Amino acid sequence: MSDTFRDSTVGVFINTLSRGRYLRYPDQRPGWTVPENLLVKSISSSATATVISEKRNSTIPKSSPSHEDIIEGSETPERLPEDELPLPESDRTSLSSAEKGGKEGYRVKVDMVREETIQDARSGATIVDWYDEHDQDNPKNWSLNKRLFVLALISLLTFSVYIGSAIYTPSIPGIMQRFDVSRTTATLGLSLYVIGYGVGPLIFSPLSEIPSIGRTPIYMATLLIFALLQLPTIFAPNIHTLLAMRFFAGFFGSPALATGGASIQDMFPMVKLPYALISWSMAALCGPVLGPTIGGFAAMNKTWKWPIWELFWISSAAFSVLVFWLPETYAETILLKRARRLRALTGNPNLFSESEIKQSQMKTSEVLFEALLRPIQLMFEPAVLYANIYIGLAYAIFYLWFEAFPLVYNDIYHFNLGLSGLPFLGLMVSGVITSLGYIAWNYYRVEPEYRRTGKIVPESRLGVALFASAFIPLSLFMFGWTSKASIHWIVPTIGAALYLPGLFLLFQSVLVYLPSSYPKHAASILAGNDLFRSTVAGCFPLFGTPLYHRLTIGGGCSMLAGISIALIPGLWILYKWYNTLRRFPKRHSKPIFAMTDIFRDSTVGLIINSLSKGRLLPFADQRRGWLPPAHFQSPPTSSISSDETTIKRPENILAETVPTVAAPDEVMVVDRNSRDLPLPPIPLLPSRKSDSVVIEVVSESVLEKNFDPNLVTWYNDNDQDNPQHWSLGKRILVLIWISLLTFSIYIGSAIYTPSIPGVTEHFDVSLTTATLGLSLYVIGYGIGPIIFSPLSELPSVGRTPVYMATLFVFAILQIPTIYAPNIHTLLAMRFWAGFVGSPALATGGASIQDMCVTSTIYPKNTHFRCAAVCGPVLGPVIGGFAAQNKNWRWPLFELLWMSSFTFLVLVFWLPETNAETILLKRARRLRALTGNPNIYSDSELKQAHMTGSDVVFETLLRPFQLMMEPAVFYVNVYLALAYAIFYLWFEAFPLVYDGIYHFKLGQSGLPFIGLIVTCILTSIGFNGTRVAHWGVTRGICIYTNIPFYV
């Protein structure tokens, strides 16, 4: 226990303040001798051998070293030249190369250098490691009692945080009454807490992996903040403060949930690790299960604040225990502290732990990538995504119990607030029984298999998940359909208890399967899983009560059971075949969607890249070690004669840091304007076409017609920056984003129609005047493309900036529409909303064309147009129920929410697809990289020659000119008639279904769903025509670029 106290937060603090006089480590005690493996004859060159610069060598005195520099009769050190250092025997050099010098003791040669001489991965000092294989500072060598004691402490920490989610649920009725809010708003306190401890690991998990920090300081700092946050929660003056405090409490409590398993893994060998994890998982499970029981009686007998008081007391008690007794378990942190002590003890500044050297080379961009981007990137790996969806659903249903239990035991069986939490104890009983069974399975099945083969196939863990998957729907069906007053309450309680075997075994199998399948990124995989499942679980309680009220308890549980059954076949596919698929590393070694590249190319990614000057989210040509292609590099010398048309200038055209390649002997630079015109700062590069080139010297701002700079093109036929060479997964994802963008705008036309009766009544106008809001919106997105389409074709602008700017304005315009003081303002805002929303409708097809080769453009456009059609078709359905249950403003609120959500998604994930814009940005980067001002993209040259009259003609006059082309004119007339009739449905449907069939406002929109079905069937038929090449019709579609089914 003394060692445990010494390694705790308080013990380390006392040891540091007393400079090792109290609570000493073995190497701080009097009489402690340096172990043999810490004595070295000389520092040898290795992957971690110290390299000393000439400047540093000159500052080191050559006098005899002091007594601190020599241990037990060592000789004066003699420095060997770097080129005479012996070759390394391994990549990891420790101080075990000491030689005995006889009875007098050890002869040690110590090379005195300073810490700052560490320069890179090959310039570290000798590695400080464990003294021997039984070193008691190694957590894996701790006694069993000590490891079990620390396991109990980590379990206490996890319990004290995990209970915070469910202990809040008995307070919900009191919060509703105290702050006069709805049940959904009050339930946000549970949802935000769960979401908070899903977001937290993205920050705290990487911090706990930094050797100079470690795990215990993170635990203690966040637990202290967690406990203190309960005070402003209890005394919150309004609901907003309470909800904010609940989110931050979950956020700061997350290290216990996300990193607790890593601390246990630090102590136990792999074979015995499952037993320790089961014990920890059970402690974690007891938190939300006991929360309603503990908090229920407090809320019933006192007020809604008392469950939060209990959480404050539990977390404070946990902090008081752990601050005195929880030691550090992270091996790299322990070794780093040992290295620091040994440097102070021996006076040798060349003693470093391996983690110190790694940490000195860590970059902020790498930390940010691993913490924030890697989990999201790996989240879209097929197996990871499916496992996350399945476990996220199971976890979310678990949190729905906190909504279902009060409805069943309070409303049906008339339990009071305290007693309604007691049925949760059934889940704890089934959880304990399940854990014992899992321990037996691991002991009798897994361990013998591991001893026999020496490995465990990750997919074998999914066999347990398949067994567990049967319990989830069984539990839901039994609980849902036995929750009746005529059936004893113990029956649904048993049904609910059957859920824990499913959830517990699913967690144990999947959370072992995922890191085993991707061992190099285990932490990121688990952080992404935590984020995904916590976000989903946090959202489910918000609609739990409405779900059970509308569908009844039995109907709601049956729906959830049906979804869980539908997901079981995918789990079986992973179990059966994914081990075979993982044998093909070229297909499955990297995430299919390349999410890092997509994020880098998005609006936010480009801003981060620009502000960091390429240090964060770098492009390929901004990464360290990247070399420009041969045709962009300069010759070492360029001989140019000095007559009136040529000038001799032998010098390297690239910076010294950029390697050069061989180039043609003759480079002619011709100046047709003036022989006195100075050369550019960097000479022009040779053309790729021939060895002898003639290039005009012009200023960068004046581009002559004969100017022939190095044109930037794709590096090769498979250049991954070319949208047509993106992976299939990436193109499909971008297609989904563009379809989402189009849907969000197109739905704005028809979602307004259910508001027309309310607008007519509110502003006291005629039905025709109110309908102008629909007409002006449609006219607006007919006029907008005349402006925005040419803008999106400008290489210096591109498509994505136009999308993002107009979508942002579109969303903002919904606010003055909702709060319009008169009908004129409302109609004006509707027109401008359609106008600025038009790029999604007019340019979306062009973005898809950017990504697809000619043979695949039409089916992709078909999918895109289907998404566009779904907008106005679903508008009356979505807006109808909102207008019916609320008022005419709510459909417009829905449009605001949808467009805002779309903006938040696309601003992070929609990349640029215009090839000319991508090449222009590449040319700018290459000019900055090579220093060559004559590197241009073809689009830059074209754009430089464009005049204002050309732009006006192409924008305003060319459409009208082509409109008179006979075939175009006839097709336009026909299409306009069909399109106009389509919008007449929005007037006809209310007359038919409201007036004749007496549908309600919300129900009258449901017949529009029939149009979606026919649209999907027609689009499938259109793909069939692509294969069959239907003659004239196909030709007209290609000629006019009109989708076939329209």
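**Cores, helix packing and local geometry of the predicted model**

Cys557 counts as buried, because its relative accessibility is 0%. The structure described here is a predicted model, and within it Cys286, at 16% relative accessibility, also counts as buried, since the limit for that class is under 20% relative accessible area. For the disulfides, which require a pair of cysteine sulfur atoms within 2.5 Å, the count comes to 0.

The chain comprises 1046 residues, of which 51% are buried, and its secondary structure consists of 38 helices and 8 strands. When contacts between residues at least 6 apart in sequence are considered, 78% of them join residues at least 24 apart.

The largest nonpolar core contains 122 residues, and the members that touch the most other members are Leu242, Ile264, Phe398, Tyr399, Trp401, Phe479 and Tyr548. Helix H16, spanning residues 382-412, supplies the largest share of this core, with 20 residues. The surroundings of Phe479 can be given in detail: leaving aside residues up to four places away in sequence, Phe479 touches Trp401, Ala404, Phe405, Val408 and Tyr409, together with Pro492, Gly495, Ala496, Ile553 and Cys557. The buried Cys557 is thus one of the residues touched by Phe479. Apart from the largest core lies another core, of 69 residues, which includes Leu617, Leu741, Tyr777 and Trp909.

Several helix pairs were examined for their packing. Helix H8 (residues 216-234) and helix H9 (residues 239-258) have axes that come within 8 Å and cross at roughly 160 degrees; because angles over 145 degrees count as roughly antiparallel, H8 is roughly antiparallel to H9. The crossing of this pair, H8 and H9, is left-handed. On the H8 side, the residues that meet H9 are Ile218, Tyr219, Thr222, Ile225, Phe226, Leu229, Gln230, Pro232 and Thr233, while H9 contributes Thr241, Leu242, Met245, Arg246, Phe248, Ala249, Phe252, Gly253, Pro255 and Ala256. Leu242, listed in this contact, is also among the residues that touch the most other members of the largest nonpolar core.

Helix H9 also packs against helix H7 (residues 201-208), at an angle of about 55 degrees and with the axes 9 Å apart, and H7 and H9 are therefore oblique to each other. The crossing of H7 and H9 is right-handed. In this pair the contact is made by Pro201, Ile203, Phe204 and Ser205 of H7 and by Phe251, Phe252, Ser254, Pro255 and Ala258 of H9. Phe252 and Pro255 of H9 accordingly appear both in the contact with H7 and in the contact with H8.

A further pair is formed by helix H28 (residues 767-793) and helix H29 (residues 799-818), whose axes come within 10 Å and cross at roughly 150 degrees, which makes H28 roughly antiparallel to H29. Here the crossing of H28 and H29 is right-handed. The contact involves Tyr777, Phe788, Leu791, Ser792 and Glu793 of H28, and Arg799, Val802, Thr806 and Phe810 of H29. Tyr777, which takes part in this contact, is also one of the residues of the core of 69 residues.

Attention then turns to backbone geometry. Most residues other than glycine have a negative phi. Asp180, although not a glycine, has a positive phi of about 55 degrees; this residue, Asp180, is found in the loop between helix H5 (172-179) and helix H6 (183-199), and it counts as exposed because its relative accessibility is 71%. Thr552 likewise has a positive phi, near 70 degrees, but the place of Thr552 is in helix H22 (residues 522-581), and with a relative accessible area of 43% Thr552 is partly exposed.

Two further residues complete the description. Ser353 lies in strand S4 (residues 351-353) and counts as buried, because its relative accessibility is 1%. Not counting residues up to four places away in sequence, Ser353 touches Ile127, Val128, Leu335, Leu336 and Ala339, and its C-alpha atom is separated by 9.4 Å from that of Ile334, which is 19 residues apart from Ser353 along the chain. Ile607, in helix H25 (residues 603-611), counts as partly exposed at 47% relative accessibility. Between Ile607 and Leu617, 10 residues apart in sequence, the C-alpha to C-alpha distance is 9.9 Å, and Leu617 is among the residues of the core of 69 residues.

How values were computed: Residues are numbered from 1 along each chain as its sequence is written. This is a predicted model: local features need pLDDT of at least 70, side-chain atom pairs count only at pLDDT 80 or more; totals for chains, interfaces and linings use all residues. Side-chain values use heavy atoms; hydrogens and water are left out. Buried means under 20% relative accessible area, exposed over 50%, partly exposed in between (1.4 Å probe, protein chains only). A nonpolar core is a set of buried Ala, Val, Leu, Ile, Met, Phe, Trp, Tyr and Cys residues joined through side-chain atoms within 4.5 Å. Helices (H or I, at least four residues) and strands (E, at least two) are DSSP runs, numbered from the N terminus. Contact means heavy atoms within 4.5 Å. Axes are lines fitted to C-alpha atoms, for helices over the stretch in contact, and angles run from 0 to 180 degrees between N-to-C directions. Angles under 35 degrees count as roughly parallel, over 145 as roughly antiparallel, 65 to 115 as roughly perpendicular and the rest as oblique. A crossing is left-handed if the near helix is turned anticlockwise from the far one by less than a right angle, and right-handed if clockwise.
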